[in-house]
Amino acid sequence: MDLFNYDGKVEAQTGGGLLADRMRPLTLDEYIGQEDIVGPGRLLRRAIEADKVGSIVLYGPPGCGKTTLAHIISHHTQGKFVRLNAVDATVKDVREVIQQAADDKALYGTKTILFLDEVHRFNSSRQDALLPAVEKGTIIFIGATTENPFHYVNGALMSRSTLFQLHPLTAEHAMIAMRRALSDSERGLGYMELQADEEALEHIAAMSGGDIRRALNALELAALTTPPQADGTVRVTLEAAEESVRRPIARADESTQYDVLSAFHKSIRGSSDAALFWFLYAVEKLGMDPMTFIRRLIAASSEDIGLANPQAMVQAVSALEAYRNNGWPEAKLNVAQAILFAVESPKSNAVYNAISRAEASFSRSGTAEVPLHLRDTHYKGAEKLGHEGYKYPHHFPNHYVKQMYLPAELEGTVFYEATEQGSESKIRLNQQRRREQ
């Protein structure tokens with residue numbers, strides 16, 4: 001049985017195609033979600049309705065309505081609307097669109113809107129081909145991306161475009177879309193004698209993860225593969241829905257991975273056991289590599305804990321060894337222990353600050369000259385070169401003696417200032433005693 005030609009009716013009434021494509025909204029009133037962007041009186045809505053859309057970048061997760069919004073713009077504009085997908089489009093394709101746009105503008109005064117879907121797939125040199133045309137107004141550029149545009153879209157192109165961030169849709173949005181499809185006899189499934197149990201719709205909505213496209217395609221799959229009952233009615237049950245969509249989609253694009261890793265590190269810094277949640281979510285739900293988080297844990301042990309609790313580094317490196325030796329999931333407990341140890345440790349960024357101060361001092365020291373008394377003396381003639389005067393600290397009380405250790409330009413500079421956190425409180429006392437001697 002052809003999934004898209006049930007009893008010959010879909011083809012005749014809808015022209016075929018997936019339900020999600022057929023039900024794609026044509027007007028802003030049909031558009032679902034993103035009220036903060038296209039709600040009544042909002043900037044983008046006013047621009048679309050007045051056919052005054054400028055160059056924009058639409059950024060958001062899959063299925064949140066980026067392509068649909070561009071589709072609506074294409075129905076509202078009096079100009080030409082050209083769609084390219086960055087996956088298969090070339091620079092030649094872009095230049096042909098730009099040349100045609102220039103001709104149309106010169107001959108007929110017609111504007112051209114170029115919609116470039118998945119713009120993050122265009123590398124920097126390909127995006128450069130767009131810049132002159134955008135600057136001159138030859139084309140109006142609309143880019144759509146699931147990746148952070150500040151990572152993947154040229155800064156010059158971003159500065160000439162308005163960024164609109166679309167948010168993930170909810171299960172409620174998916175329910176609205178499915179109910180609309182069930183009642184629409186022209187583009188949806190309303191032509192069928194179809195009944196969908198509420199619990200079936202709720203399951204699909206929950207499993208779609210806010211992706212309306214996925215929800216509609218799952219509903220259609222369930223409807224077109226469920227045998228009709230004796231009276232010809234097709235009933236979509238929870239069982240049929242579960243077969244059509246079994247688990248929610250977890251988004252693990254590169255931008256999401258960076259965000260989750262950032263949340264993990266900031267949770268450690270903030271002494272929150274949310275760090276454990278983000279770690280397990282990333283590894284077990286998104287499929288990320290545990291090693292990525294263990295490396296970050298080791299870094300955080302010095303950056304955010306340091307000498308306030310030196311054992312945090314020991315725990316982190318031990319977790320690394322456990323993971324290398326035992327693998328996953330056997331090392332889950334070991335890594336979790338190290339994460340929680342770091343979370344509960346007293347915090348200090350004194351090591352990080354010491355590095356920053358030391359590196360900042362390079363500009364003041366120029367070419368650093370090693371003081372004569374610190375230079376190597378393990379050869380004959382060293383004294384004749386003035387390499388003498390070093391005081392051996394262990395020959396003095398408390399194994400400490402004041403002498404110059406830095407280049408003359410930096411004498412008196414202090415890089416490491418211990419805090420009163422954890423073990424650093426003792427270090428701080430020792431620093432104070434030395435300064436008083």
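Reader: How many residues of each class does the lining of the largest cavity have?

Author: Start with who counts as what: Ala, Val, Leu, Ile, Met, Phe, Trp, Tyr, Cys and Pro are nonpolar, Asp, Glu, Lys and Arg are charged, and the others, Gly among them, are polar. The lining is made up of Ile 48, Asp 51, Val 53, Ile 73, His 76, Thr 77, Lys 111 and Ile 113. By class, that gives four nonpolar, two polar and two charged.

Reader: What volume does that largest cavity have?

Author: On a 1 Å grid over the protein atoms alone, a cavity is a set of points where a 1.4 Å probe fits but can't get out, a pocket is an open set with protein on both sides within 12 Å along at least five of seven lines, and lining residues have an atom within 4 Å of a point. Points are joined across faces, edges and corners, and a volume is the space filled by probe spheres set on them. A search of the whole structure turns up one cavity of 30 Å³ or more. The largest cavity comes out at about 40 Å³.

Reader: Where is confidence lowest in the protein?

Author: This is a predicted model, where local features need pLDDT of at least 70 and side-chain atom pairs count only at 80 or more, while totals for chains, interfaces and linings use all residues. Residues are numbered from 1 along each chain as its sequence is written, and side-chain values use heavy atoms, leaving out hydrogens and water. The average pLDDT (the predictor's confidence in each residue, from 0 to 100) is 89. Among helices (DSSP runs of H or I, at least four residues; strands are E, at least two; both numbered from the N terminus), H19 (residues 332–344) has the highest mean, 96, and the lowest, 38, belongs to helix H1 (residues 9–14).

Reader: Which residues lie closest to the centre of the largest pocket?

Author: About 560 Å³ of space lies in this pocket. Its lining divides into eight nonpolar, five polar and four charged residues. Of the 17 lining residues, the closest to the centre are Tyr 400, Tyr 405, Thr 413, Val 414 and Arg 434.

Reader: And which elements give two or more residues to the lining of the second largest pocket?

Author: That pocket has a volume of about 470 Å³. It's lined by 27 residues, with Arg 24, Gly 63, Gly 65, Thr 68 and Arg 213 nearest its centre. The elements are helix H2 (19–22), helix H5 (66–76), strand E4 (140–145), helix H11 (171–183) and helix H13 (212–225).
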